[in-house]
Amino acid sequence: MDYAKCAEEICEALGGRDNLVRVSCCATRLRFVVVDEDKTDRGILEGIDGVKGVLGDKGQFQVIIGTGAVNKVYGEFLDNSGTEDVKEVRAAVAARIPLFWRIIRTLGDVFVPILPAIVASGLMMGLDGILGKVSVSFAESDWYSILSMIANTAFTFLPVLVAVSAAKVFGGNIFLGAVIGMIMIHPDLLNAWSAASMDRADIPVWHLFGFLSVRQVGYQGHVLPVVFAVWLMCKVENWLHRHVPEMFDLFVTPLCTVFMTASVTLGVIGPVSSVAETYVLEFAGWLIAMGHGVGAMVMGGFYPVTVVCGIHHMYNVIEAGLLAAGRSNTWMPIASAANFAQGAACLAVGMKAKNTRIKSAAIPSFLSAALGITEPAMFGVNLRFVKPFMCGMAGGAAGALLGSILGVGAVSYGVTGLPGFLITLDYTWQYGLVLAVSFCVSFALTWAVWKE
């Protein structure tokens, strides 16, 4: 694959450099915001060598390249287009997007960049747990303690990671964002997990202005309060940058930004949003357990649709909240069942097809899906033929139903498929059964209904 040529042809199909507002990259796709959608040619875009699929709506385009190759095309694209500096009409383009989708997209932008840290910690917890179960002496050694500490770090300081990422998304100073995140888990505040088991009357309180009572409790079990707090911080900081004289800006803006944001966060944003987040997590738990797994079954079937829409990263918020609250990540087996089922459908197509090009696309895409990256399978094969995609949804629903009934949960997020065994050590055979059922149902249905 000629990465430079692919990048150049994509740029031309999207109307050229002057028509591009922003380009970003995730694990499998390039995401573009364009000025004028009428200047783009979707037909040419879909026919470019290396492009496995295209999604576009309201000035946004998602071009599926595939894991690994997408980073190289992205690098060539930035070298040749310079779109990272083109921001003049970004606000105008964003205004055309409905509020709900903007919120979903923003949450994805916040949580996707911190996935490598979460994945690394989760996999390390899995490896540490395996070694501890295999060897009793290792479980009692200092090495086990050290590895456990390293693995838990990302989850212990998750609010700081979220704050830094949110500050970058909302256009603020990432270091001030880090300060806000650290304030919310400051050791002078009572640890939220400890406070949960205490009598409310025993929790220390600050009394301010004669009428405002602020509990001295941290936010170790929450992530949404951090997002809201940093959003406010960025608004305050940018307003001060515009109104404070330049000679005082370096001193006045950071001081006022941190003080005002921290005060409002501890007094209002934190308590209100933490309660709201608790209700969201309770709803998520209720949905999974609803009707003896019926809710999980529905989500397992519907999950691939959210991947197609590019909004599946919204689940990261729920998963991070479950883990931060000390719960098991029961959303992970739903996503894993859905992903593995799409891979199975893709494999059935590859094995049944006689066309060499279909085979060469389907079988490697199955391997990618088995490791948790489903876009090549879905966009390159399943969606093209429709029936495999529908059969994959059925397989995902069956696997998710079984996972809910068996109570499968994970200790991390961002990992699905075969690597998921490392973060589901307490449910090894159950998780394996979930993947097996998802695979068999999807593969059998696809083999039965799909014809070349």
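Trainee: Which helix gives the most to the nonpolar patch?

Mentor: This is a predicted model. Its nonpolar surface patch, of about 510 Å², is made by M124, W143, I146, M149 and I150. Four residues of the patch come from one helix, and that helix is α8.

Trainee: Is I146 buried, partly exposed or exposed, and what is its relative accessible area?

Mentor: I146 lies in helix α8 and is one of the residues of the nonpolar patch. Buried means under 20% and exposed over 50%. I146 falls in between, so it is partly exposed, with a relative accessible area of 38%.

Trainee: How far apart in space are T153 and A117, C-alpha to C-alpha?

Mentor: T153 is also found in helix α8. T153 is partly exposed, with a relative accessible area of 35%. Along the sequence, T153 and A117 are 36 residues apart, while their C-alpha to C-alpha distance is 9.5 Å.

Trainee: Which helix supplies the largest share of the largest nonpolar core?

Mentor: The largest nonpolar core has 34 residues, and F111, L158, V162, V230, M233 and Y413 have the most contacts inside it. Helices that each supply at least two residues include α5 (99-111), α8 (142-156), α12 (224-243) and α15 (315-324). The largest share is seven residues, and it comes from α12.

Trainee: Which residues is F111 in contact with, leaving aside its neighbours within four places in sequence?

Mentor: F111 is among the residues with the most contacts inside the largest nonpolar core. In soluble globular proteins, nonpolar side chains tend to be buried together. Leaving aside neighbours within four places in sequence, the contacts of F111 are V162, V223, V227, N316, V317, A320 and Y413.

Trainee: How many residues of α15 are buried?

Mentor: The buried residues of α15 include Y315, N316, V317 and A320, and three of the names in the contacts of F111 are N316, V317 and A320. The buried list of α15 also has I318, E319, G321, L322, L323 and A324. Helix α15 is mostly covered, and its buried count is ten of ten.

Trainee: Which residue just after α15 takes a positive phi?

Mentor: The last residue listed as buried in α15 is A324. Just after this helix there is a phi of about 80°, and the residue that takes it is G326.

Trainee: Why is strand β2 described as largely enclosed by the rest of the structure?

Mentor: Strand β2 is joined to β1 (residues 20-25) by five bridges, and the two run antiparallel. Five bridges also join β2 to β4 (residues 60-64), again antiparallel. Strand β2 covers residues 29-34 and is largely enclosed because of its buried residues, five of the six.

Trainee: Which residue in β4 does L30 stand opposite?

Mentor: In the pairing of β1 with β2, S24 stands opposite R31. A second, separate core of 22 residues includes I10, L14, V63 and A69. One of these core residues lies in β4, opposite L30, and it is V63.

Trainee: How far apart are the C-alpha atoms of G66 and S365?

Mentor: G66 is found in the loop between β4 and α3 (69-81). G66 is buried, with a relative accessible area of 4%. G66 and S365 are 299 residues apart along the chain, and their C-alpha atoms are separated by 9.0 Å.

Trainee: Which residue forms a salt bridge with R42?

Mentor: The count comes to one salt bridge. Its two residues both lie in helix α2 (residues 42-46), four residues apart, about one turn of the helix. R42 is partly exposed at 34%, and its partner counts as partly exposed at 43%. With the closest N and O atoms 3.3 Å apart, the partner of R42 is E46.

Trainee: Which residue in the turn between β5 and β6 has a positive phi?

Mentor: Strands β5 (residues 205-208) and β6 (residues 212-215) pair in the antiparallel sense over four bridges. Within this pairing, W206 stands opposite V214. The two strands form a hairpin with three residues between them, and the turn residue with a positive phi of about 60° is F209.

Trainee: What is the phi of V386 near?

Mentor: V386 lies in the loop between α18 (375-385) and α19 (387-406). Most residues other than glycine have a negative phi. V386 is a residue other than glycine with a positive value, near 65°.

How values were computed. Residues are numbered from 1 along each chain as its sequence is written. This is a predicted model: local features need pLDDT of at least 70, side-chain atom pairs count only at pLDDT 80 or more; totals for chains, interfaces and linings use all residues. Side-chain values use heavy atoms; hydrogens and water are left out. A nonpolar core is a set of buried Ala, Val, Leu, Ile, Met, Phe, Trp, Tyr and Cys residues joined through side-chain atoms within 4.5 Å. Buried means under 20% relative accessible area, exposed over 50%, partly exposed in between (1.4 Å probe, protein chains only). Contact means heavy atoms within 4.5 Å. Patches are made of residues with over 30% relative accessible area and no salt bridge: like charges are joined within 9 Å, nonpolar side chains (Val, Leu, Ile, Met, Phe, Trp, Tyr) within 5 Å. Accessible areas come from the Shrake-Rupley method with a 1.4 Å probe; for residues, only the protein chains shown count as cover. A salt bridge is a side-chain nitrogen of Lys or Arg within 4 Å of a carboxyl oxygen of Asp or Glu. Two strands pair if DSSP finds at least two bridges between them.
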